[in-house]
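The following exercises concern charges, contacts and backbone geometry in a single protein chain. Each task is followed by a worked solution.

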Amino acid sequence: MTPEYWNGYNREQGREKTLKPQPKILSINQLLFYTQFLRTSLEQINDNAWSSQLSFELSQQMASYASPSKEKCFLYKALGICLAVCQDLVHIKSQIQKFLKTADYMEAPDRLGVISILAFSAESHLDLILNILQEFGAAMNKVQISGFIGRLKDYHYGKRAKTRSTLMLTYSKVAMHAPKEQLLSRVEADITENILHHYRTGCQVLGINVTNKDMDLKLTLIQNATEISCAVLKTGDSQAFEFSYKLELLAYMMDFIKKEPLDSLVSPVRYKAIFAIGQLCKLKPSLTLEENREILDLSFKSVFPLPPLEKMKEEGKKLEDTLHIELLYECSLEALSELMKILLEEEPTPDWFQEMFHLLETWLSSGKEWERERALQASVWLLTAYQEIVKSTPQETFDHFGSLIGLLAPYTCASITSSRQWVVDCINCLLNIQGQCTNLGSAEEELRCLREALTTPDPEALFQASCEMAKVVSKYFPSEQATDFIEAILDGMLSASPSCATAAGLWMKIILKECGGAMLDEVPDILSIIYIHMPTIKQGSLRQFLVEAVSILGHHHLEAVIFSLLIKHLPMDSDTTELWRSLGTDPLLAPQVLKVLIERIKTPTSQEGSTTSETETDLHLAAAEPLTATCAIFEVVSALQLSKTVQELFPELFTVLLQQISQTLGQKMPLPRMSSRRRLFRKGQQLCEGNPCRLSIEALEAVLLKAMNEKLIRTLWKQKTWMLLENPQTHHEGVCLLVRVLQRSGLITVEIIQSLLPWVNSPSENQRVTSTAFFAQLMTDPILREKKILKSVSHSLEERSRDNNSIVRQMAVRGLGNLVYGAPEKVKKYKKFLLEALIRTLEDTFSSEVIVESLKALAKVLKELKGKDIGSSFRDLTTQIRKYFDNEDNTLRALAFVLFGILAGSAKRKWKDYFAKQVRQSWVTLLLHLQDPSPEVSMECRATFHLCAPFLGLKRLQTILNEHLSWRTELNPEDLQMDICRYLAKEKAELLENFYKTTITYFCSSWEEIRAVAAKLAGIILEHTDTKNMKWLDMEHLLTSLQVLQNDPSPIVQLVATQVLRDI
């Protein structure tokens, strides 16, 4: 723009209107030619007297021409030129003072004439003109208007204001015409200071400062600021000159802009002030980044919120009004564009460029489409200006390409056609900036075609064109800026309209798909940004873009994606869960994801759970990474559409998940992730919520749901398998139940067996428990024999029967016993080491459970072996078993009697006499335990007593026993006791002594029932025997013992003891 941009005002119909700059038609060109011709002629004549006379004649001619007219305008300029050439300072001063005093300042032509004369005169007489203006201004201020009413009238009609405005404009015009070498020394004190003085005075009413509402005065100061700036810039030393009034003038301009209405366009103040600010910004001193930001922010706030142009035009009453509004609107946009360009030129740095876009970003996310449209248009201006800077000062990289593409791309589907096309222009500029050192080839032509395609109203066609544009951009997309792009486009997805949000999602998918291969280093940051945005992006279709983006990245860099997801805290939140499940829904990715997770559990990349053995509590914390991978397996498997993937990977999945269940058994959740430095202070830190073992079990359950039928799954629930697995005390039983169901489903494979076999010798007790229980149950399956693994498993179990852990010993013994079911034909072959191991474990002094398991296993094995196959172990077995007849454990007593009965059936030939002796030593015990407090023990004792009766060698007694112990008759223990005692007293009196002595030992039994039975049996013995023949009877001891029983805690025992004493 040139100073002609500011051509003044024409009076029309009693008011002033600002017009668009006059076109330079021929008549104006002729006038310019004549004025230039006059100047040249006078300079060549160089006759001072002639110049003076000419100026006098010109002044006389003024009255002959109408006002306004081009001729009179020419006369003013000609007079000014004459005075400039004239060297008679007295004449010049008199002529100028005459015009200053006689001019009618209420008439615009006269005001313009005065300005023109003084401006041209200043080209040769700067000091004189400035002095004349100073004197005139001082004289005007001294003029006193009498009376209060007179002063009000002066203010109301504005004569003094018009005069002051003329002086102010004259000063800036003088600056424009002043010799460049003289201007800088006079522009501040003699020009700008006087302008500001007159402005401040003009803002006073009756001597009081008031807010300036005079549009003419505002426009005058705006024009002053513009013209002074332009004049200074034209001097050769402008860059070395610091204009001290720059900030003050900027403050006035900004204040004018702030007070402009935002609901209409009524004056040129807005755009002229913005233009003036642009010119002032070129001057020194340079503004700070914050000052520049404030200026640009204010300018945006002044222009962008204006109503749509069509709406403002509708408010115009006449055609002239609508044309005037349209002109003001166009000028406002042009001024803003020019300001942005100037600010960028003055601070051509990437940081300021980015800051300018940050200011635009607020408007791009506006809820009003016309504000967004203007912001997009401003984006084009900014990028175009920056593109010019880049061309003149090439840069190696453009660091803002990704973020700006992410910011602008969604608006390719904006509701306003012009907005969409502005976006294409922006993208074209960005590609040119990004590809400044490369050839864009056909990209520009493609964008031109797509720009046309974006004019369609069809939404689907818009999305298609937008996608095509994304593919064009992807060819030049710098992968290292992927995070900036993702963050910007997701922010846009939050703030944009539905169609723009959809476009944002499409762009994100295409860029990741086309360029994702080069984004390995950015994967963690990209996933972090997606994760951060998930809580705020809830709409289904938009959220789907996020999870699809993760899947797309997974196709490029699966391990990096998995690693990034694994570092999330436990327990997983719903967003992390959704991301894992998105990987599971992808049929191509899911198997790969599971394989990677399996490896992460097998060989975690970090230290166990990010913990160290600094405190004892650390030993009870689950390892973080394997546990997170386990939870991830649960989510991925749960999301699978097909079971085939799980079935193919089942051996690996089952093995690692069982490993996790075993390792997390009894552990607590890991501490939240932290740096090694902060780990020192974690003593008081709260653990994550949840049960790690339960989480591992849930993962295994999810796998089994995909691998087995529902009936077997229900079986696991009915048997409470999962509850048993989770409890450290019952974990081994849960494993056995689990393996039993897996056997039924045929899911146990050699691969699983080979993977678990090394666990048997693991240093981890939990793993030994789990694996031993696994093989204990698996020993019932022919698979071990069929796959020729039976021998190694059997020997491993035999070794574990010596383990320090009692549950491991128990499971090892159970497994050895289960050989009977899995390979019965191998029992005889392995009889030696089987019997040795099982008899040895009968002596376990630390765990009754191990002994019980040994008795059960022996019962199975002995049933499979014949008497001769037992060999020398028979003696040891008999001796060991009798020890448990009076054990306090009901199960153990019952099993001891069962096993003793089995031995009775196996005692042939060689061991018959030995076993008979053992029976005679045990028959009192058998007789008493027929009334055992445990019904189960009593029942097993009855069966065993019946089997052992033949070994007593007493045929008549055997008959008695068979009658009483037969299952066909109801057992009456007291009758049996009396029959036995009666028989012994009559026929085998020599056996009574041992019978009696064994009986009274049970007076001290821990069971009250047995104490009562023993006391009653002692009474029966005395009742059916002649005490005179019982020399071995110590009556005194018996009476004392019975008296002690009278004080027994049990009333039953007391009653029996009292009855026996009474009978004696």
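The model is predicted.

**Exercise 1. Locate glutamate 330 and classify its exposure.**

Step 1. Glutamate 330 belongs to helix 15, which spans residues 319–346.
Step 2. The relative accessibility of glutamate 330 is 40%. Buried requires under 20% and exposed over 50%, so glutamate 330 is partly exposed.
Step 3. Glutamate 330 takes part in a negative surface patch, together with Glu334, Glu338, Glu345 and Glu346.

**Exercise 2. Determine which residue supplies the nearest opposite charge to glutamate 373, and whether the pair is a salt bridge or not.**

Step 1. Helix 17 (residues 369–392) contains glutamate 373.
Step 2. The nearest side chain of opposite charge is that of arginine 374, 5.1 Å away.
Step 3. A salt bridge needs a side-chain nitrogen of Lys or Arg within 4 Å of a carboxyl oxygen. Glutamate 373 has no salt bridge, although this residue is buried.
Step 4. The side chain of glutamate 373 does have a polar contact of 3.2 Å with the side chain of serine 418.

**Exercise 3. State how many salt bridges the model contains, and analyse the pair formed by arginine 543 and glutamate 578.**

Step 1. The count is 38 salt bridges.
Step 2. In the pair of arginine 543 and glutamate 578, the closest N and O atoms are 2.6 Å apart.
Step 3. Arginine 543 lies in helix 25 (residues 540–556) and glutamate 578 in helix 27 (residues 574–584); the two are 35 residues apart, and the pair links distant parts of the chain.
Step 4. With a relative accessible area of 9%, arginine 543 is buried, whereas glutamate 578, at 26%, is partly exposed.

**Exercise 4. Describe the salt bridge between glutamate 993 and lysine 997, including its place along the helix.**

Step 1. The closest N and O atoms of glutamate 993 and lysine 997 are 2.7 Å apart.
Step 2. Both residues lie in helix 50 (residues 992–1000). They are four residues apart, so about one helical turn separates them.
Step 3. Glutamate 993 is partly exposed at 29% relative accessibility, and lysine 997 is partly exposed at 41%.

**Exercise 5. Explain which parts of the chain the salt bridge between aspartate 1048 and arginine 1011 ties together.**

Step 1. The closest N and O atoms of aspartate 1048 and arginine 1011 are 2.9 Å apart.
Step 2. Aspartate 1048 is located in the loop between helix 52 (1035–1046) and helix 53 (1051–1063), and arginine 1011 in helix 51 (residues 1008–1023); the pair therefore ties together parts that are 37 residues apart in sequence.
Step 3. Aspartate 1048 is buried at 8% relative accessibility, and arginine 1011 is buried at 11%.
Step 4. Elsewhere, Glu765, Arg768, Arg800 and Asp803 are joined into one network by salt bridges that share partners.

**Exercise 6. Identify the residues that gather with Arg875 in a patch of positive charge, and classify the exposure of arginine 875.**

Step 1. The residues that gather with Arg875 on the surface are Lys910, Lys917 and Arg920.
Step 2. Arginine 875 is placed in helix 44 (residues 873–882).
Step 3. Its relative accessible area is 41%, so arginine 875 is partly exposed.

**Exercise 7. Characterise the surroundings of tyrosine 171 and its separation from isoleucine 228.**

Step 1. Tyrosine 171 is part of helix 8 (residues 159–177).
Step 2. Tyrosine 171 has 0% relative accessibility and therefore counts as buried.
Step 3. Tyrosine 171 and isoleucine 228 are 57 residues apart along the chain, and their C-alpha atoms are separated by 8.8 Å.

**Exercise 8. Examine the peptide bonds preceding proline 285 and proline 571 and the phi angles of lysine 720 and lysine 788.**

Step 1. Lysine 284 and proline 285 are joined by a cis peptide bond with omega of about 5 degrees. Proline 285 is in the loop between helix 12 (269–281) and helix 13 (289–303).
Step 2. A cis peptide bond also joins leucine 570 and proline 571, with omega of about -5 degrees. Proline 571 is in the loop between helix 26 (558–566) and helix 27.
Step 3. Lysine 720 is not a glycine, yet has a positive phi of about 55 degrees. This lysine 720 sits in the loop between helix 32 (710–718) and helix 33 (721–726).
Step 4. Lysine 788, likewise not a glycine, has a positive phi of about 60 degrees. Its place is the loop between helix 37 (783–786) and helix 38 (790–800). With a relative accessible area of 78%, lysine 788 is exposed.

How values were computed:
Residues are numbered from 1 along each chain as its sequence is written. This is a predicted model: local features need pLDDT of at least 70, side-chain atom pairs count only at pLDDT 80 or more; totals for chains, interfaces and linings use all residues. Side-chain values use heavy atoms; hydrogens and water are left out. Patches are made of residues with over 30% relative accessible area and no salt bridge: like charges are joined within 9 Å, nonpolar side chains (Val, Leu, Ile, Met, Phe, Trp, Tyr) within 5 Å. Accessible areas come from the Shrake-Rupley method with a 1.4 Å probe; for residues, only the protein chains shown count as cover. Lys and Arg count as positive and Asp and Glu as negative; His and the chain ends are not counted. The place of a charge is taken as NZ of Lys, CZ of Arg, CG of Asp or CD of Glu. Buried means under 20% relative accessible area, exposed over 50%, partly exposed in between (1.4 Å probe, protein chains only). A polar contact is a pair of N or O atoms within 3.5 Å; within protein, one must be able to donate a hydrogen and the other to accept it, and residues adjacent in sequence count only if both atoms are side-chain atoms.
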